[in-house]
Amino acid sequence: MRPLLNLRNKLTAAYHHRPIVGNTTVAPAALVHQVTWRSEDDTAAFARQLAAQPLLANAFITLHGDLGAGKTTLVRHLLRALGVDGRIKSPTYAVVEPHEAPGLAIWHFDFYRFSDPREWEDAGFRDIFASPGLKLAEWPQKAAALIPAADIAIDIEVFDDTERRVTLQAHTARGHTLLQGMSA
Ligand SMILES: Nc1ncnc2c1ncn2[C@@H]1O[C@H](COP(=O)(O)OP(=O)(O)OP(=O)(O)O)[C@@H](O)[C@H]1O
Ligand SMILES: [Mg+2]
């Protein structure tokens, strides 16, 4: 085999066999982090841990999972942990709800009913994603062509009434650092 091709095959193999958690010369540590929530208290504790990560301030986090998986519930616990007071409305009809925590702007998107790409410009979503602050998005796949890459994607799977299996995946350098903080 030609040396260059050999090297490329080796790199490809390494890429496909990246460890879920680990440290090799090829892959940065902790690309994926998995947790189980056995109650909403676990969701709240997870939210507090995430809220304590310094890099969260300018992060973009997508939330995946079926209807009723617990995406909004996690966002509510996260906003509370960050110091947001008062009623926390779900953005389902407005697509985005802005929030203010001490020293931090937060935008909570729910793209479930997003269908018109013109809204991306007209409603100022492009500007929001270009400005500092924390952005959280439910149903990002409904705006897949427009939305930037998430720092972290959080996927919530319901196993029964109380148990949720949660997978966090980092897609950027910021996301990697955040995940390392979560799994430490
Ligand atoms: N960890 C948990 N354990 C038990 N119940 C939970 C947990 N997290 C959320 N729930 C419950 O499950 C429901 C989740 O609803 P939620 O609105 O958060 O889902 P969602 O993923 O945002 O759905 P949608 O796709 O419709 O926006 C709520 O009734 C909540 O009380
Ligand atoms: Mg929701």
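Me: Are T72 and E138 buried or exposed?
Reply: In this predicted model, local features need pLDDT of at least 70 and side-chain atom pairs count only at pLDDT 80 or more, while totals for chains, interfaces and linings use all residues. Residues are numbered from 1 along each chain as its sequence is written, chains are lettered from A and ligands numbered from 1 in the order in which they are written, and side-chain values use heavy atoms, with hydrogens and water left out. Taking buried as under 20% relative accessible area, exposed as over 50% and partly exposed as in between (1.4 Å probe, protein chains only), both T72 and E138 are buried.

Me: Which protein donors does the magnesium ion (ligand 2) have?
Reply: Donors are N, O and S atoms within 2.8 Å of the metal (3.2 Å for Na, K and Ca), and water is not among the atoms, so the site may look incomplete. At 2.0 to 2.1 Å from the ion lie OG1 of T72 and OE of E138. Helices (H or I, at least four residues) and strands (E, at least two) being DSSP runs numbered from the N terminus, the pair, 66 residues apart, joins helix 3 (residues 71-81) to strand 5 (residues 134-138). The donors are therefore T72 and E138.

Me: Which side chain has a polar atom 2.5 Å from an oxygen atom of ligand 1?
Reply: A polar contact is a pair of N or O atoms within 3.5 Å; within protein, one must be able to donate a hydrogen and the other to accept it, and residues adjacent in sequence count only if both atoms are side-chain atoms. T43 places a polar side-chain atom 2.8 Å from a nitrogen atom of ligand 1, and a side-chain N or O atom of R164 lies 3.1 Å from an oxygen atom of the ligand. The side chain at 2.5 Å from a ligand oxygen atom is that of T73.
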